[in-house]
Amino acid sequence: MNKAEILIVNKVWPPYMDSLRANFVVHERTQLEDPQALAAVAPRIRAITATGESKLAAGLLEQLPALEMISVFGVGYDGVDVAAARARGITVSNTPDVLTDDVADLGMALLLSIARRIPQADQFVRAGRWPEGPMALARKVSGARLGIVGLGRIGSAIARRAEAFGMAIAYTTRTRVAGCAYPHYPNAEALAREVDFLMVITPGGAATRGLIDAKVLAALGPKGYLINVARGSVVDQPALLQAIANGGIAGAALDVFEDEPHVPAALCASENVVVTPHMASATWETRRAMAELALGNLQAHFSGRPLLTPVP
Ligand code: NDP
């Protein structure tokens, strides 16, 4: 049987690329910059493989008349216009659940890092500053108040971890989670006012753009910390830069940014910020599980079976 032809829109994890090549005829968007080169293969492309960070331009979908499916390697699919795809009968899949533990682990690791100043302490020792005297004191985590913006799969996994630290947990979502005992707040600003740490873990996209704005940061206040493991777009980055610069909040720990992989120099220069390169799901174990699931979705589609994890 002929292998189906698929388009990879941005760089994917090499072992995943190997399994794609074993199952499909793979075209790489980066090698089709010339519009004629893309036009030559476009009529044969039946699926797109994207990552959580891919931004699929509407124009690209229009160029692919035979497109049947988009498989996203990641749980967040904010770079895909799902409504436009659906209108054309194109199905979309993602990789939920298999990365939940890793993202929750990194969320807690970032919270601990900014509160206990672990990267700063590491730098302090490496720079030979310890003999000059002790580091400044840090912020206690156990027993502190944690506000979670987005109590879905990952937000709930973060809450379970935070419970082990004796943290008092509260949350905000658009719809109250049925049967959940944590206090629910109607919006991020009201939640921020009541907590020491604000953890952001909603989807990205238009609906959450700038959700964490200057008002929310002001409510979090000079003793509050922001942790963002969701998407850069969810936080108003200029407002965050201002809050960091003028002590409007105590600090921020960020895995995601507005214009990745570019991180504002002011964030990198601040003693009160911890930054990581969008790596919340980046472990061997989870990347393997994500690759299996993303490939499984493609295989299910091309063998006429229901998708394993279609985007709802
Ligand atoms: P879920 O769909 O399970 O949870 C999303 C949660 O966000 C729900 O509780 C939802 O509740 C809430 N939410 C959505 N919109 C809003 C809003 N406007 N205000 C408040 N809450 C809102 O998703 P997951 O937990 O599996 O994943 C969440 C996100 O994490 C992904 O979409 C992705 O963006 C990000 N992520 C980041 C990674 C990284 O590498 N840093 C890796 C993996 C995921 P409700 O609908 O009731 O509002």
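## Ligand site and helix α5

An oxygen atom of the ligand lies 2.9 Å from an N or O atom in the side chain of Arg-153, a polar contact being a pair of N or O atoms within 3.5 Å, where within protein one must be able to donate a hydrogen and the other to accept it, and residues adjacent in sequence count only if both atoms are side-chain atoms. This is a predicted model, in which local features need pLDDT of at least 70 and side-chain atom pairs count only at pLDDT 80 or more, while totals for chains, interfaces and linings use all residues. Residues are numbered from 1 along each chain as its sequence is written, and side-chain values use heavy atoms, with hydrogens and water left out.

Polar contacts of the ligand include these:

| Ligand atom | Protein partner | Distance |
|---|---|---|
| oxygen | Arg-153, side-chain N or O atom | 2.9 Å |
| oxygen | Ile-154, polar backbone atom | 2.9 Å |
| nitrogen | Val-229, polar backbone atom | 3.0 Å |

Taken alone, the ligand exposes 930 Å², of which the protein buries 86%, with areas from the Shrake-Rupley method and a 1.4 Å probe. Around the ligand are 25 residues, each with a heavy atom within 4 Å of it, and the shell divides into 11 nonpolar, 10 polar and four charged residues.

Helix α5 covers residues 100-116, and because 17 residues at 1.5 Å a residue should span 24 Å, the 24 Å between its end C-alpha atoms agrees. In α5, 12 of the 17 residues are buried, meaning under 20% relative accessible area with a 1.4 Å probe and protein chains only; among them are Asp-102, Leu-106 and Leu-110. Just after α5, Arg-117 takes a positive phi of about 55°.

Conventions. Ala, Val, Leu, Ile, Met, Phe, Trp, Tyr, Cys and Pro count as nonpolar, Asp, Glu, Lys and Arg as charged, and the others, Gly among them, as polar. Helices (H or I, at least four residues) and strands (E, at least two) are DSSP runs, numbered from the N terminus. The expected span of a helix is 1.5 Å times one less than its number of residues. Buried means under 20% relative accessible area, exposed over 50%, partly exposed in between (1.4 Å probe, protein chains only).
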